[in-house]
Amino acid sequence: MTCIDRRDLGLLLLRLSTGGVLAAHRAQKLFGWFGGGGIEGTGAAMEAMGYSPGKASARAAGLAEAGGGTLLALGLATPAAGAAAAGAMAGAAAVHVPNGFFAMSGGYEYTASLGLAAAGLAVTGPGRLSLDHLLGHAVNRGWMVPIALGTTAAVTAVVVGMRNNRVRRAREGEQEALFDE
């Protein structure tokens with residue numbers, strides 16, 4: 001093994017920060033930790049955002065964020081972990097798109113940053129300070145990257161598309177007042 005270089009240290013920091021934030025964020029939603037609503041509250045929120053059924057959507061997003069985040073932090077199965085986390089963040093970003101880019105106005109800046117960091121790690125790999133490296137990259141092969149990202153992109157497009165259709169239909173059902181009183 002050669003010396004650990006600054007690229008490996010940089011990837012470790014990026015993995016720990018991105019993966020740690022994703023895992024902690026979802027622990028709020030799944031388990032009610034850190035002041036979160038737990039699966040019940042998250043399920044209701046997901047339903048209100050157009051993701052139906054709410055509880056199943058909360059569990060799926062939770063698995064993608066918490067599982068993907070934890071695996072990213074550890075540097076294990078990096079292509080699948082990064083793709084799963086990026087897909088979850090794309091689903092979250094879809095909710096925030098109407099508010100513009102910046103997070104201060106409720107926009108998608110934060111979710112896009114986490115998703116792009118996760119996707120970047122899926123493509124780049126975890127570096128030598130990782131479980132993938134320790135295990136000989138058994139679950140981090142080059143051919144896994146396009147499969148993981150492609151599959152996640154397809155599934156995310158379907159899920160977000162279904163959500164957008166639900167939201168659109170709900171808005172079409174709301175009729176505004178025809179005349180001022």
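Biologist: In this predicted model, which residue forms a salt bridge with Arg128 in which the closest N and O atoms are 2.7 Å apart?

Modeller: A salt bridge needs a side-chain nitrogen of Lys or Arg within 4 Å of a carboxyl oxygen of Asp or Glu. Arg128 lies in the loop between α5 and α6, while its partner lies in helix α1, so the pair ties together parts that are 120 residues apart in sequence. With the closest N and O atoms 2.7 Å apart, the partner of Arg128 is Asp8.

Biologist: Is Asp8 buried or exposed?

Modeller: A residue counts as buried when its relative accessible area is under 20%. The relative accessibility of Asp8 is 2%, so Asp8 counts as buried.

Biologist: Which residues are joined with Arg128 into one network by salt bridges that share partners?

Modeller: Besides its bridge with Asp8, the side chain of Arg128 also meets that of Asp5 in a salt bridge, at 3.5 Å from N to O. Asp5 sits in the segment before α1 (6–31), so this pair ties together parts that are 123 residues apart in sequence. Through these shared partners, the residues joined with Arg128 into one network are Asp5 and Asp8.

Biologist: How many residues apart in sequence are the parts that Glu40 and Lys55 tie together?

Modeller: The side chains of Glu40 and Lys55 meet in a salt bridge, with a distance of 2.6 Å from N to O. Glu40 lies in helix α2 and Lys55 in helix α3, so the parts that this pair ties together are apart in sequence by 15 residues.

Methods. Residues are numbered from 1 along each chain as its sequence is written. This is a predicted model: local features need pLDDT of at least 70, side-chain atom pairs count only at pLDDT 80 or more; totals for chains, interfaces and linings use all residues. Side-chain values use heavy atoms; hydrogens and water are left out. Helices (H or I, at least four residues) and strands (E, at least two) are DSSP runs, numbered from the N terminus. Buried means under 20% relative accessible area, exposed over 50%, partly exposed in between (1.4 Å probe, protein chains only).
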